[in-house]
Amino acid sequence: MAVLFVFDRNILGALKDRDDRRVTFIHRSLVELDQRLRELGSRLVVRVGDPVEVVPAVALEARAEAVVAAKDFEGYAKRRDAAVARELELVGKSLLTVKDHVVFEGSEISTGEGEPFRVFTPYSKAWRRRFGPGDVAVQEWRPGALVPAADLPGDNPWSLRDLGFRESELWTAAGEEAGRLALRGFATSRMAAYATNRDFPDLNATSGLSVHLRFGTVSVREAVRTALKVGGPSAEKWLDELIWREFYSMILDRFPHVEHTTFRQEYQAVDWPGTPEHFEAWCEGRTGYPIVDAAMRCLVQTGWMHNRLRMVAASFLVKDLLLDYRWGEAFFARHLLDFDLASNNGGWQWAASTGVDALPTFRIFNPVLQSRKFDPDGAFIRKWCPEVAHLDSNAIHAPWEHGGPLPIVDHATQRQHALNLLQVGTGSMNA
Ligand SMILES: Cc1cc2nc3c(=O)[nH]c(=O)nc-3n(C[C@H](O)[C@H](O)[C@H](O)COP(=O)(O)OP(=O)(O)OC[C@H]3O[C@@H](n4cnc5c(N)ncnc54)[C@H](O)[C@@H]3O)c2cc1C
């Protein structure tokens with residue numbers, strides 16, 4: 001067996017930032033993987049280019065019988081992998097894609113009629129009914145089957161500079177060993193209080209594992225095994241979040257149109273009237289709502305945003321600034337270290353009320369109430385918004401009520417506009 005990694009020029013070429021954090025994370029993880037393979041007498045083969053050309057070429061050079069890759073459910077990846085399979089076939093080889101990214105994929109969890117679920121709770125019940133320990137069993141592998149380093153095809157130069165990128169700062173360590181430590185640390189110190197503390201951005205109460213799950217440096221099966229081993233209501237809650245991830249992955253796979261447009265057709269025609277100036281203020285953390293501004297500054301400076309704040313910031317963009325959720329989705333996609341098309345799209349469509357799992361009531365977050373509830377002392381705000389850090393824990397959530405500058409929009413007014421826009425005038429929920 002030979003292990004190949006292709007830096008896909010089509011993906012790298014589309015990145016806007018030369019210090020994109022994802023490239024640094026992947027690069028560091030590959031350096032570690034290469035090191036481990038070298039300890040076993042082999043090494044990683046790294047190529048840079050279009051996988052449709054590179055994979056068959058390396059398969060020929062390595063005299064491989066077949067190529068095995070993890071299944072990927074994003075539109076581009078599906079088209080790419082189909083093209084790779086066709087090219088491999090032309091040279092007499094086959095592509096075998098295997099499930100790795102999720103415990104259950106695509107149609108494995110369906111309704112009794114074989115239809116995909118569109119609401120999370122019945123999906124998660126069906127997921128749990130179908131689940132057995134065998135679904136997350138440890139896979140055996142035999143390092144003896146690795147091709148010795150000397151017999152492997154050559155590499156392309158693959159330092160970050162060779163790839164045209166610069167090293168960036170990461171809020172978490174990259175690689176499999178770091179992922180394992182992060183999972184263990186969470187399981188032994190924070191998982192038991194997860195259900196109670198998970199919504200408070202200042203408490204560091206969540207696992208921080210999304211980036212490892214995204215890039216495969218922690219296996220979702222190991223994460224599930226850990227949750228089952230710890231047990232109890234908090235671990236169950238955490239397992240629920242892993243199932244959300246599978247739910248959105250299934251949605252992207254079975255409803256690929258969500259990548260470009262609203263899941264629910266009735267919202268495709270909404271003409272969002274928000275302005276580019278407001279979008280810029282949101283991106284730069286200058287809305288005047290301290291919780292939103294703190295969240296956005298944290299995202300841009302670190303590549304991380306807590307889940308509660310992702311919901312608040314997303315709701316604010318759509319329901320207060322009346323901007324198309326796709327603008328915010330693209331901004332998150334550019335900055336999040338853990339960016340995952342399925343979860344990001346699912347989160348944004350959830351916040352915009354255009355997606356799956358629609359509530360009978362219409363969801364509009366009040367940023368001030370959210371701030372008071374989930375950052376009660378303003379500790380998170382103080383970290384990111386020095387201009388309001390001197391305010392006491394009552395004033396900090398709405399400085400304009402205490403003589404401070406007015407925010408760029410008035411929540412009560414915009415909320416009404418949002419309700420009109422989505423034409424859901426009744427039954428609204430003020431969270
Ligand atoms: C607008 C918006 C955009 C988002 N974009 C992304 C994204 O690009 N990538 C991403 O991984 N998650 C995304 N999420 C989901 C969630 O915010 C992150 O997974 C979570 O904050 C990561 O922190 P954690 O690893 O500490 O999570 P934990 O609370 O420890 O949860 C464990 C794991 O469960 C999964 N998970 C948790 N919550 C969700 C959720 N709501 N949807 C799907 N999976 C979930 C993640 O893999 C996470 O690592 C988004 C949510 C919203 C509202």
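**Note on domain contacts and charged side chains**

1. Asp-34 is buried, and its relative accessible area is 10%. The cut-off for this class is under 20%. Asp-34 and Arg-38 form a salt bridge, with an N to O distance of 2.9 Å. The partner, Arg-38, is partly exposed at a relative accessible area of 42%. Both residues belong to helix α2 and are four residues apart, so about one helical turn lies between them. The model is predicted, and the points below should be read with that in mind.

2. On the domain layout: the assignment for the protein chain lists domain 1 as 1–98, domain 2 as 102–136 + 178–254, and domain 3 as 265–430. Domain 2 is thus given in two segments. Taken over C-alpha atoms, the centres of domain 1 and domain 2 are separated by 27 Å. Nine residues of domain 1 and 11 residues of domain 2 make up the contact.

3. On the area between these two domains: the size of an interface is often given as the accessible area lost when the parts come together. For domain 1 and domain 2 the buried area is about 840 Å². Carbon and sulfur atoms supply 62% of that area.

4. On the polar side of the same interface: three salt bridges are found across the interface of domain 1 and domain 2. The side of domain 1 that touches domain 2 draws most on helix α2 (residues 21–39), which gives five residues. Sorted by class, that side of domain 1 has five charged, three nonpolar and one polar residue. The interface of domain 1 and domain 2 also has two residue pairs in polar contact, both at pLDDT 80 or more. A salt bridge also joins Lys-71 and Glu-105, whose closest N and O atoms are 2.9 Å apart.

5. On salt bridges in general: side chains of opposite charge can pair when their charged atoms come close. The structure as a whole holds 31 salt bridges. One of them pairs Glu-108 with Arg-130 at 3.7 Å, N to O. This pair links distant parts of the chain, with the two positions 22 residues apart: Glu-108 sits in the loop between β4 (94–98) and α5 (120–130), and Arg-130 sits in helix α5. Glu-108 is partly exposed, with 23% relative accessible area. Arg-130 is also partly exposed, at 44% relative accessibility.

6. What separates Arg-180 from Glu-177 along helix α7 (residues 176–189)? The two residues are three apart, about one turn of the helix. Their side chains meet in a salt bridge, with N to O at 3.5 Å. Arg-180 counts as partly exposed at 29% relative accessibility, and Glu-177 is partly exposed with a relative accessible area of 40%. Elsewhere, salt bridges with shared partners join Arg-198, Asp-199, Lys-237, Glu-241 and Arg-308 into one network.

7. On Asp-202: this residue lies in the loop between α8 (194–197) and α9 (210–215). Asp-202 is partly exposed, with a relative accessible area of 30%. Which residues does Asp-202 touch, not counting residues up to four places away in sequence? They are Asp-375, Ala-379, Phe-380 and Lys-383. With Lys-383 there is a polar contact between the side chains, at 2.8 Å. Asp-202 and Lys-383 are 181 residues apart along the chain, while their C-alpha atoms are separated by 9.4 Å.

8. On Asp-338: its place is the loop between α15 (325–335) and α16 (341–352). Is Asp-338 buried or exposed? Asp-338 is buried, because its relative accessible area is 6% and the class takes values under 20%. The side chains of Asp-338 and Ser-210 are joined by a polar contact of 2.6 Å. Apart from neighbours within four places in sequence, Asp-338 is in contact with Ser-210, Val-211, Arg-214, Trp-304 and Arg-310.

How values were computed
Residues numbered from 1 in each chain as written. Predicted model: local features only at pLDDT ≥ 70, side-chain atom pairs only at ≥ 80, totals over all residues. Heavy atoms only, no water. Domains from an automatic or database assignment. Contact = heavy atoms within 4.5 Å. Buried area = accessible area lost by both parts, 1.4 Å probe. Salt bridge = Lys/Arg side-chain N within 4 Å of Asp/Glu carboxyl O. Polar contact = N/O pair within 3.5 Å; in protein donor to acceptor, adjacent residues only side chain to side chain. Nonpolar A, V, L, I, M, F, W, Y, C, P; charged D, E, K, R; others polar. Buried < 20%, exposed > 50% of the residue type's maximum accessible area, 1.4 Å probe, protein only.
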